[in-house]
Amino acid sequence: MRIGIEAQRIFRRKKHGMDMVALESVKTLQQLDKENEYFIFTNTGEDRDCLKESENIKIISFGGAYPVWEQVLLPREAAKYDLDMLHCTSNTAPVKTSIPLIVTVHDIIYFDKHPLLAGGYTPYQRFGNLYRRFVVRRIFKSAKNIITVSKFEEDHILKLFPALSGKLHVVYNGVGRHFRPVTDPELLRTAREKYHLPDRYLMFLGNTDPKKNSENTIVAFARAVQTGNLDYHLVVGDFDREIVKKYLEKAGLDGLISRIHFPGYINNTDMPALISMADFYLYPSKRESFGIPIIEAMACGTPVITSNTSSMPEVGGDAALYVDPFSPENMVEKILEMAGDEKLRETLKRKGLAQAEKFSWEESAKKLLNLYTDLKYNL
């Protein structure tokens with residue numbers, strides 16, 4: 001088979017969520033499948049070393065703004081390679097193409113009630129939601145197969161789009177093999193110095209998307225420090241200090257900004273060391289379609305506080321401490337509970353290591369390959 005895979009953003013320096021899913025999927029297929037030919041379509045970017053061509057992997061890079069790249073340039077370039085199918089990995093795809101489409105739709109939060117009217121969205125995020133609403137309705141009709149990443153999201157999609165029954169498939173995300181407990185003192189020392197880390201800390205990776213619940217999480221940590229006399233700092237990766245300062249000032253907790261540390265963007269290869277040194281990991285999102293950081297932290301032997309909503313209990317199983325992300329009081333309570341109970345942390349560490357073993361990029365890639373094969377022989 002000649003398989004095209006859209007991986008538009010894998011060469012950008014600061015990769016997140018869907019970028020890492022696309023990259024890990026392609027790299028694993030590259031290792032597992034030596035029979036089929038793959039054509040990887042990417043935008044230009046600085047991090048060219050993250051994926052290399054091989055005997056059956058060809059990389060086609062071309063620049064362009066996101067909508068133009070996807071709707072105009074991608075179908076034009078893909079048409080040159082006599083593809084059996086084109087797998088678009090990041091929620092959207094060309095509306096018009098003659099190539100059979102497989103599309104991974106990570107979530108459909110942009111179809112939820114009034115998502116464009118909710119507070120907290122930036123103009124860029126609002127545009128992204130509008131674009132997805134326009135495109136996804138159309139590709140749901142034209143795509144041969146739709147992939148999503150959890151049973152929760154599958155159910156959610158089918159409630160809104162019941163006609164997709166029969167062509168909607170769940171392929172879980174995985175966790176990279178480098179996510180494991182880091183115990184080497186030299187590696188830990190190097191990471192601590194590189195990112196200027198405090199001695200005892202909790203870890204949180206959020207962003208300004210309202211679903212990430214960043215304001216509530218940071219304020220809950222500060223209130224826990226204030227009310228529980230916690231001897232902890234909070235490491236907040238890739239987040240603007242001024243935004244956090246406003247969160248704390250709004251809550252009357254601006255004096256606790258000294259407890260928040262801003263290491264900037266954390267390279268994926270460094271992440272296991274930083275997670276391993278954290279006493280526990282905060283991931284109380286309001287909504288997720290999967291939640292890769294949950295299993296990354298568990299794979300590093302770090303206990304996790306996450307939310308009792310959407311996909312997070314599905315991914316965390318019995319290996320996490322669950323919180324109501326809409327209740328700041330409950331978030332403070334759970335932070336204090338985790339901090340004060342060493343036995344609980346040890347239990348969750350043990351359970352988390354076992355839970356993380358259930359998710360691998362190898363298993364995900366095998367399921368992708370089965371879907372490609374089925375599509376080829378059922379066209």
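**Entry 1. Helix 2**

I began with helix 2 (residues 66-78) and found a kink of about 30 degrees at Val72, shortly before the proline Pro75. I note here that the model is a predicted one. I then asked which residues of helix 2 are buried. The buried residues are Trp69, Glu70, Leu73, Leu74, Pro75, Glu77 and Ala78; the list therefore takes in Pro75 and two glutamates by the cut-off of under 20% relative accessible area. I next looked up what these buried residues pack against. Their partners are strand 1, strand 2 (37-42), strand 3 (57-61), strand 4 and helix 3 (123-142).

**Entry 2. Strand 4 and its neighbours**

From the partners of helix 2 I took up strand 4 (residues 85-88). Met85 and His87 point one way from this strand, while Leu86 and Cys88 point the other way. I recorded that in a regular strand the side chains alternate between the two faces of the sheet. Are these four residues of strand 4 buried or exposed? All are buried.

I then traced the pairing of strand 4. Strand 1 (residues 2-6) runs parallel to strand 4 and is joined to it by four bridges; within this pair, Gly4 stands opposite Leu86. Strand 5 (residues 101-104) also pairs with strand 4 in the parallel sense, over three bridges. There I found Cys88 opposite Val103.

**Entry 3. The six-stranded sheet**

I turned to an open sheet of six strands and asked in what order they lie. The order is 10-9-8-11-12-13, and the pairing is parallel. Its edges are strand 10 (260-261) and strand 13 (321-323), each of which pairs on one side only. I also inspected the pairing of strand 8 (residues 201-205) with strand 11 (residues 281-283): the two run parallel and are joined by two bridges. Phe204 has Leu282 of strand 11 as its bridge partner.

**Entry 4. The second largest pocket**

I looked up the second largest pocket last and noted a volume of about 450 Å³. Its lining comprises 20 residues, with Met20, Glu24, Lys27, Asn268 and Thr269 nearest the centre. Which helix gives the most to the lining of this pocket? Helix 1 does, with six residues. Helix 1 (17-32) and helix 13 (361-376) each supply at least two residues of the lining.

I closed the entry with the character of the lining. The residues divide into seven charged, seven polar and six nonpolar.

Notes
Residues numbered from 1 in each chain as written. Predicted model: local features only at pLDDT ≥ 70, side-chain atom pairs only at ≥ 80, totals over all residues. Heavy atoms only, no water. Pairing = 2+ DSSP bridges. 1 Å grid on protein atoms, 1.4 Å probe; cavity = no way out; pocket = protein on both sides within 12 Å on 5 of 7 lines; lining within 4 Å. Points joined across faces, edges and corners; volume = space filled by probe spheres on them. Nonpolar A, V, L, I, M, F, W, Y, C, P; charged D, E, K, R; others polar. Buried < 20%, exposed > 50% of the residue type's maximum accessible area, 1.4 Å probe, protein only. Bend = angle between axes of the 7 residues up to and from the residue. Contact = heavy atoms within 4.5 Å.
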